[in-house]
Structure formats: C-alpha cells, structure tokens
Amino acid sequence: MWRRLAPRLTSTCGVFENFATKAAAEAAGDVQLPLKLYGVPGRYASALFVVASKAKKLDLVEKELKTIASMVQKSAAFKDYLSDPTVLRTKKSKGIAELMKEFKVSDLTKNLLVVMAENGRLGHTEKVVESFNELLMASRGEVKGTVVSADPLTSEQMKRVKTSVTKFLEKGASLKLTEEVDPKILGGLVVSVGDKHIDLSIASRIKKLESLLSEAV
C-alpha cells in the first residue's frame, strides 16, 4: 500500500512534478526500505521515506516532523483536532494544508498530512513520526537504546553505560542512547537496546525475592 501512497505525497510538489509521475514505477526500485514496517503508521512512514529519499530531503522532513510531533504533545487541542472524527475530512484537509503553509513546511511534509486528513488517518500522526524515525535510524545504522535509573546519572556514568552497551552492537552500528528517570525502580538500571531488555533494578530483585519466598512458604 505504501507504493500507492508514495505518488500521492508528491503529486502537488511543483518542483517534483517529473519525479511524481515516475514515483509509482520507481518507488520500489531505487530506494530500499531499511525496515519493513506494518500497520497504518508503517505504510505512511514508508511512503514518506521513499519520496523524501528521492528528493534528498530526509533531514528536512525529519526536522519538520519533529516540530509537528512536539506541537501534538504540547497542545491537547491540536491533538484532539487531529483525531476528531466529527470534522469533515475535506474541511480538515483544507485546514491542515493552510496550517502547514503558515508554518512554511516542505510540500512533502504538508502533503503527508493532507493525504492522511483525506483518508481520516491524522489520529496516527505521532505513530507515523515514530515509524519514520525508526526508518531513519535503521538507514543510518543507529540503534535506539534507553537507560532507566532511579536518579539522574552523571555524564561519566552515562558514558560508562554507553561504552558497555556498545560492545554488544553489530559491527558498524552506532548507539543512540537516551536516559529516563523512574524512582519506582528504587536503584540499579533498566537498559533496553533494540529488542533486548536488561532489568538490573533493585525493584526487580525485590520482586524476584518475594516470588521465591512465596514459593517456599
């Protein structure tokens, strides 16, 4: 389905008129998707990745989508508007086009949201952004990682964690590690890298101990 979406995302981009006419035929030829994503967000993200790659505007689209995602997270009214099924699709499509024009985003990003509005899919905006970022990271050889601690880690501690985790990555891959603070784990660390999850928290150890004690009773 993303192959059918790709030409629609470029159909109104003036500078890409020739590209748009070829998009359907070439979408799967020149650009190789680094990941196979499924579901509604995956289809839209994949289509956008293809057309943005061809237009050599991946970095620009990434920046614009980051801004839009931030708007959704900060404005409950905007988020509700995107997912509101009572607003006519034609009205929402026009409104989104005007809003994106005000923000001076590229035609690629604008057309993505307009097509999503026409199809009643704007409620998936945040997930589409997440999926697009997954594709970008995979294309760059980046692996997403998260380290959770009860208290903020120092820069030296973060450096040591990153060094330790990087040893387990495939050759050529780079780690993009983010930190989260969750007092509920009491102490220790919870590290997630790709599809791997390592729970070294005190809370986890206490839970295991309680389980062992209950079995022994």
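Begin by selecting K104, which is found in the loop between α6 (89–102) and α7 (107–118). The model is a predicted one, and the values quoted on this tour are computed from it. K104 has a positive phi of about 55°, although the residue is not a glycine. With a relative accessibility of 73%, K104 counts as exposed, because the cut-off for that class is over 50%.

Next, move to L186, in the loop between β2 and β3. Here too a residue other than glycine has a positive phi, in this case near 70°. L186 is exposed, its relative accessible area being 53%.

**The nonpolar cores**

From these loops, turn to the interior. In soluble globular proteins, nonpolar side chains tend to be buried together. Select L48, L65 and F132: these residues have the most contacts inside the largest nonpolar core, which has 35 residues. At least two residues of this core come from each of α3 (39–54), α4, α5 (76–83), α6, α7 and α8. Colouring α3 separately will show the element that gives the most to the core, with 8 residues. Then select V161, V165, L177 and V193, which are included in a second, separate core of 10 residues.

**Helix α9**

Two of the residues just selected lead to α9, where M158, V161 and V165 are buried. These three cover an arc of only 60° around the axis, and therefore lie on the same side of α9. Which exposed residues does the face turned away from the buried side of α9 carry? Select S155, K159 and R160 to display them. A distance check along the helix can follow: at 1.5 Å a residue, the 12 residues of α9 should span 16 Å, and the end C-alpha atoms are 16 Å apart, which agrees.

**The largest pocket**

Finally, select M137, V143, K144, K176 and G194. Among the 37 residues that line the largest pocket, these lie nearest its centre. The volume of the largest pocket is about 1,300 Å³. To follow its wall, show α4 (58–74), α8 (125–139), β1 (142–149), α9 (155–166), β2 (174–181), β3 (189–193) and β4 (196–199), each of which supplies at least two residues of the lining. Which element gives the most to the lining of the largest pocket? It is α8, with 8 residues. Colouring the lining by residue class gives 17 nonpolar, 8 polar and 12 charged residues.

Terms used
Residues are numbered from 1 along each chain as its sequence is written. This is a predicted model: local features need pLDDT of at least 70, side-chain atom pairs count only at pLDDT 80 or more; totals for chains, interfaces and linings use all residues. Side-chain values use heavy atoms; hydrogens and water are left out. On a 1 Å grid over the protein atoms alone, a cavity is a set of points where a 1.4 Å probe fits but cannot get out, and a pocket is an open set with protein on both sides within 12 Å along at least five of seven lines; lining residues have an atom within 4 Å of a point. Grid points are joined across faces, edges and corners, and a volume is the space filled by probe spheres set on the points. Helices (H or I, at least four residues) and strands (E, at least two) are DSSP runs, numbered from the N terminus. Ala, Val, Leu, Ile, Met, Phe, Trp, Tyr, Cys and Pro count as nonpolar, Asp, Glu, Lys and Arg as charged, and the others, Gly among them, as polar. Buried means under 20% relative accessible area, exposed over 50%, partly exposed in between (1.4 Å probe, protein chains only). A nonpolar core is a set of buried Ala, Val, Leu, Ile, Met, Phe, Trp, Tyr and Cys residues joined through side-chain atoms within 4.5 Å. The expected span of a helix is 1.5 Å times one less than its number of residues. The arc is that of the directions from the helix axis to the C-beta atoms.
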